[in-house]
Each structure stands twice: as C-alpha cells, then as structure tokens.
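Please look at the sequence and the model below, and then follow the report as it moves from single residues to a pair of packed helices and the annotated domain.

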Amino acid sequence: MYEMKPEYFIGIDLIDEEHKQIFAYANEAYELLHEEFTPDKYDNISDILEKLREYTKKHFADEEAYMESIHYKRLFTQKVQHQAFIEKLEEFDLEHMQDAEDQDQQIMNILNFLTDWLINHILHVDGLIGK
C-alpha cells in the first residue's frame, strides 16, 4: 500500500499536497494489481497512466514555477528529471498498447518505477527544495 508518510513531506504545502496525489495513483495501481475479480485490467491501466501523465505534468509545472520563484539553483536538473519521468510514462503507455496480455507485469513495472521515483526523487531531490 502506498501512502505519504511524514518523511516524504518537504515543507511546501502545495508540493506536499500534489505528492500525496501521486501516492494515491500509485496506490490505485497497487490495488488494481491485487484485484482478483478483474480479469481484464487493460482499461484500468490506461486510465491510471493517463491520470499519472496529466497530473504529473501539472505537478511538475507547479513545482518548477515554485523553484523559479525562489531562484532554486538546481531547477535545470529538476526539469530534466521531470521530462524523463513524462517520457517513461509515455513508454509505459506504448508498451501497454502493444501488449494487452501481461497486464499484471505492466502494473508491476509501473509500480517499480513509481516506487523508485517516490522514494528517491521526493526524498533526495525534492527534499532539497524545502531546505
């Protein structure tokens, strides 16, 4: 189960609230993975990927605007990482459209990516913004 624990809060309310929503989408994917009574998860996976793509674009724009407002020195690095995240979601979407069979593995791949991002990016990269 994915939840926003205290160590993930960076101290900037807008960003923390938006991070909570990304955790919620990860949790939605986790619950879908463990849903035994949904044999075909194709549409659900498409929905999760779409929500993640649209929401993270908004979140990254908000986060980057905040960083610009405080003249954050690592803004360029953040922008590069944000773009890589969006590109990875597009990659997942393409794989999803090409392979409708191994849906649980697709969800696992998405969850592994999100887990890495949520832990490493929020804790170690975004955490520096609040400092």
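## Gln83 and Glu90 in helix H3

With a relative accessibility of 43%, Gln83 counts as partly exposed, because that class covers values between 20% and 50%. This residue of the predicted model belongs to helix H3. Measuring from C-alpha to C-alpha is a useful way to relate sequence to space, and for Gln83 and Leu94, which are separated by 11 residues in sequence, the distance in space is 17 Å.

Glu90 is likewise located in helix H3, which spans residues 75–98. Its relative accessibility is 39%, and Glu90 therefore also falls in the partly exposed class. For Glu90 and Arg53 the separation in sequence is 37 residues, while their C-alpha atoms lie 7.9 Å apart in space.

## His71 in a loop

His71 sits in the loop that runs between H2 and H3. At 68% relative accessibility it counts as exposed, since the cut-off for that class is over 50%.

The backbone of His71 also deserves attention, for its phi is positive, at about 55 degrees, even though the residue is not a glycine. As background, most residues other than glycine have a negative phi.

## How H2 packs against H4

A pair of packed helices is described by two quantities, namely the angle between the axes and the distance between them. Helix H2, covering residues 42–69, packs against helix H4, covering residues 103–130, at an angle of about 10 degrees, and their axes are 12 Å apart. Because angles under 35 degrees count as roughly parallel, H2 is roughly parallel to H4. The crossing of these helices, H2 and H4, is left-handed.

Which residues of H2 and H4 make the contact? On the H2 side they are Tyr42, Ile45, Leu49, Leu52, Phe60, Glu63, Tyr66 and Met67, and on the H4 side they are Gln103, Gln106, Ile107, Ile110, Leu114, Trp117, His121, Asp126 and Ile129. Sorted by character, the residues in the contact of H2 with H4 comprise 12 nonpolar, 3 polar and 2 charged ones.

## The annotated domain

An unreviewed UniProt entry lists residues 11–126 under the name "domain: Hemerythrin-like". Over residues 11–126 of the model, the chain is 84% helix and 0% strand, and the C-alpha atoms at the two ends of the stretch are 10 Å apart.

Notes. Residues are numbered from 1 along each chain as its sequence is written. This is a predicted model: local features need pLDDT of at least 70, side-chain atom pairs count only at pLDDT 80 or more; totals for chains, interfaces and linings use all residues. Side-chain values use heavy atoms; hydrogens and water are left out. UniProt positions are given in the numbering used here, feature names are shortened, and annotations may be inferred rather than shown by experiment. Helices (H or I, at least four residues) and strands (E, at least two) are DSSP runs, numbered from the N terminus. Axes are lines fitted to C-alpha atoms, for helices over the stretch in contact, and angles run from 0 to 180 degrees between N-to-C directions. Angles under 35 degrees count as roughly parallel, over 145 as roughly antiparallel, 65 to 115 as roughly perpendicular and the rest as oblique. A crossing is left-handed if the near helix is turned anticlockwise from the far one by less than a right angle, and right-handed if clockwise. Contact means heavy atoms within 4.5 Å. Ala, Val, Leu, Ile, Met, Phe, Trp, Tyr, Cys and Pro count as nonpolar, Asp, Glu, Lys and Arg as charged, and the others, Gly among them, as polar. Buried means under 20% relative accessible area, exposed over 50%, partly exposed in between (1.4 Å probe, protein chains only).
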